[in-house]
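Biologist: I should like a close look at a single part of this protein, the metal site, together with the elements that carry it. Please then place that part within the remainder of the chain.

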Amino acid sequence: MLLPGGFPGLGIGVLMRTLAGIPVGSGVVVGRVFVIDEGQPLRAPRREIPPENAPAELERFELARRAAIEELNRLHQTAATEMGDEAAKIFLFHMGALSDRAILNPIRRAIEQDHLGAEFAAVQSIRAIADKFANHPDTTFRSKVSDLHDLGSRLLRHLTGRRPRTMAHLDEHTVIVARDLTPSQTAAFDRSKIVAFATDLGGLTSHTAIVARALGLPAVVGLQDLTRYARDGQTIVVDAERGSVVLDPDQPTLEDAERAGERSRRSWITLHEDVAKPAVTLDGVPIALMGNIEFPDEVESVIHEGGTGVGLYRTEFLYLTSDHEPTEDEHTSAYIDCVKRLKGRPLTIRTVDLGADKYTQGRSETPERNPFLGLRSIRYCLQNTEMFRRQLRSILRASAHGPVKVMFPLVTNIAEFRRAKYYLHEAMEDLDEMGVPYDKDIKTGMMVEVPAAALQAASFAREVDFFSIGTNDLVQYTLAVDRINERVAGLYTPIHPAVLKLIRDVARVGQRADLEVSCCGESAAEPEFAALLIGLGVRTLSVTASSLPRLKRAVRGLDTKRCERIAQKAIRFDSEADAAAYVRDRVRKLVPEVFDGRTAEEP
Ligand code: PEP
Ligand code: MG
């Protein structure tokens, strides 16, 4: 949404600064900067107090603690309304911690006995607890380190009387600017005030980007040093079409942004006219369009945006927003919640994909040197089999309530898939013993997101019921480009002949073995890449809900034979840049309406 007429009197254009990053979602917005700096390390100067001031200092701490609890309570309620109970749970942990004597007593002792100022006492004590948590053998403790830091910053803000950085104080048309966003920060967003966000870190498939898309907000990530220049209240243009932000834009830039914003707003309206229409190509080939979700509440958006089911449920978000390791009942109720909301539409539940970008190093057994090549996804589950079996039983329980499939992430060799299936059968036996009903023919598939799995697809095809290609990781592992490292983001491209060859092979194997092959990577939402996927034989695409209308419009304007020809040519290019330019040019001509009226020449 655009601010009509810009911001007169705000010194527009005085020191215009443009930064390039990675676009997420679509649209161009103008807003005011709100910098979130809670990711900064916890610091407070050491201050000693006269012993007789200790009671007053304790009182000051108590007031700050209560104010923080009240603030968290408000945040919890708003987040529950905005993003659902699951996402809001993160605040309950923070509230609990502020009433926990194990956390409060050391702070009170530091004030009363060591005569330290409340700020230093709080920071020192919370840091000590966070360090202990970081080295704790139990993952539940390790997973709370960043939350403790968040909590420390919140207390500090209340003690120092700094303006609380919460959405309650946001102006209309706020653009959130941050180094990166933690799950607790993103869960606190007030969608009615926030129009976009922009971060220094992150790539197309980082947590921030995934949440931005789930909220339907435009964003630019990987801007590297935006927080160095951005100040609260500054005018900012966030251009998620070009992947840039402009601080203090001059009048022509502002007018250009307004026109682009208007264009994308009009195209949003026309795209939504097709939401209820079938996703069928011009030559009559149906393409199943499904949604990717992180929380059960997102099912509604998937259906609303025209999705016919959920192709990827990222269940690890249950862990990332919970104050404890989710119990079997919690897993089960989240899954049944999804099944019920889907009312008979299919649901593919992926077993937890913790590790690497979704599992900070503070949480891992020992910090890994190459987390993306380390103990993540199915590897993690196969080393934590009690947790894995709990989840599998929950998935099976949910399968009694509607069509559910189970999918294993990051399978690299056949033994992993067999072991995962072994635990699934054990979980079935557990339920049989308890007399709990479940779908005995539950379809079991795997993500194809490492080159080894794609190259071995024919072997896997003898044992799996379906493949889902995860291009977010497949691109990273094929091209050796970290998916969340903004410094190499320019090398991260799904339209690379090497990636396309792998996808072609998997799709061929799937066709021969009569197995469903879907793609659930974020790139599937891009019309150019979707055309290639269709041309390579993929017939199911699963993307974030907010991307569905544009994708459907693209599908309805494409023809499979043409897509095949485009894909065959793209795969033969020596250079990925040439392949991408060719595909962009062809697809923009075929479905110009999904490119917001921008011509192929425009960036
Ligand atoms: C992928 O890797 O493409 C994928 C869908 O999984 P995630 O983004 O959750 O790693
Ligand atoms: Mg993946």
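Modeller: The account below begins at the metal site and then moves outward.

The model is a predicted one. Two protein donors lie 2.0 to 2.2 Å from the magnesium ion (ligand 2): Glu449, through OE, and Asp473, through OD. These two residues stand 24 positions apart and link distant parts of the chain. Glu449 belongs to the loop between β13 (443–448) and α17 (451–455), whereas Asp473 sits in helix α19 (residues 471–479). Glu449 has a relative accessible area of 2%, so this residue counts as buried, the cut-off being under 20%. Asp473 is likewise buried, at 2% relative accessibility.

The helix that contributes Asp473 deserves attention in its own right. Helix α19 is mostly covered, with 8 of its 9 residues buried. Asp473 is one of these buried residues, and its neighbours Asn472 and Leu474 are also among them. The list further includes Thr471, Val475, Gln476, Tyr477 and Leu479. After α19 comes Ala480, whose phi is positive, near 55°.

Positive phi values also occur elsewhere in the chain. His115 is a residue other than glycine with a phi near 55°; its place is in the loop between α3 (101–112) and α4 (118–134). With a relative accessible area of 24%, His115 is partly exposed. Asp248, again not a glycine, has a positive phi of about 45° and is found in the loop between β8 (244–247) and α10 (251–272). Asp248 is buried, its relative accessible area being 13%.

The wider setting can now be described. The protein has 603 residues, of which 58% count as buried, and its secondary structure consists of 24 helices and 16 strands. Among contacts with a separation of 6 or more, 71% are between residues 24 or more positions apart. The largest nonpolar core comprises 107 residues, and the members that touch the most others are Phe467 and Leu541. Leaving aside residues up to four places away in sequence, Leu541 touches Ile287, Ala288, Leu289 and Met290, as well as Cys519, Ala524, Ala530, Leu533 and Leu551. There is also a second, separate core of 35 residues, including Phe61, Leu75, Leu98 and Leu104.

A helix pair later in the chain completes the picture. Two packed helices are described by the angle between their axes and the distance between the axes. For helix α23 (residues 560–572) and helix α24 (residues 576–590), the axes come within 9 Å and cross at roughly 165°. An angle over 145 degrees counts as roughly antiparallel, and α23 and α24 are therefore roughly antiparallel to each other. Their crossing is right-handed. From α23, the residues Arg562, Arg565, Ile566, Lys569 and Ala570 meet Ala579, Tyr582, Val583, Arg586, Val587 and Leu590 of α24. Helix α24 also holds Asp578, which is partly exposed at a relative accessible area of 43%. Between the C-alpha atoms of Asp578 and His496 there are 9.4 Å, although these residues are 82 positions apart along the chain.

To return to the part requested, the magnesium ion (ligand 2) has Glu449 and Asp473 as its protein donors, and Asp473 lies in a helix that is mostly covered.

Definitions and conventions
Residues numbered from 1 in each chain as written. Chains lettered and ligands numbered in written order. Predicted model: local features only at pLDDT ≥ 70, side-chain atom pairs only at ≥ 80, totals over all residues. Heavy atoms only, no water. Donors = N, O, S within 2.8 Å, 3.2 Å for Na, K, Ca; no water. Helix = DSSP H or I, 4+ residues; strand = E, 2+ residues; numbered from the N terminus. Buried < 20%, exposed > 50% of the residue type's maximum accessible area, 1.4 Å probe, protein only. Core = buried A, V, L, I, M, F, W, Y, C linked by side-chain atoms within 4.5 Å. Contact = heavy atoms within 4.5 Å. Axes fitted to C-alpha atoms, helices over the stretch in contact; angles between N-to-C directions. Parallel < 35°, antiparallel > 145°, perpendicular 65-115°, else oblique. Left-handed = near helix turned anticlockwise from the far one by under 90°.
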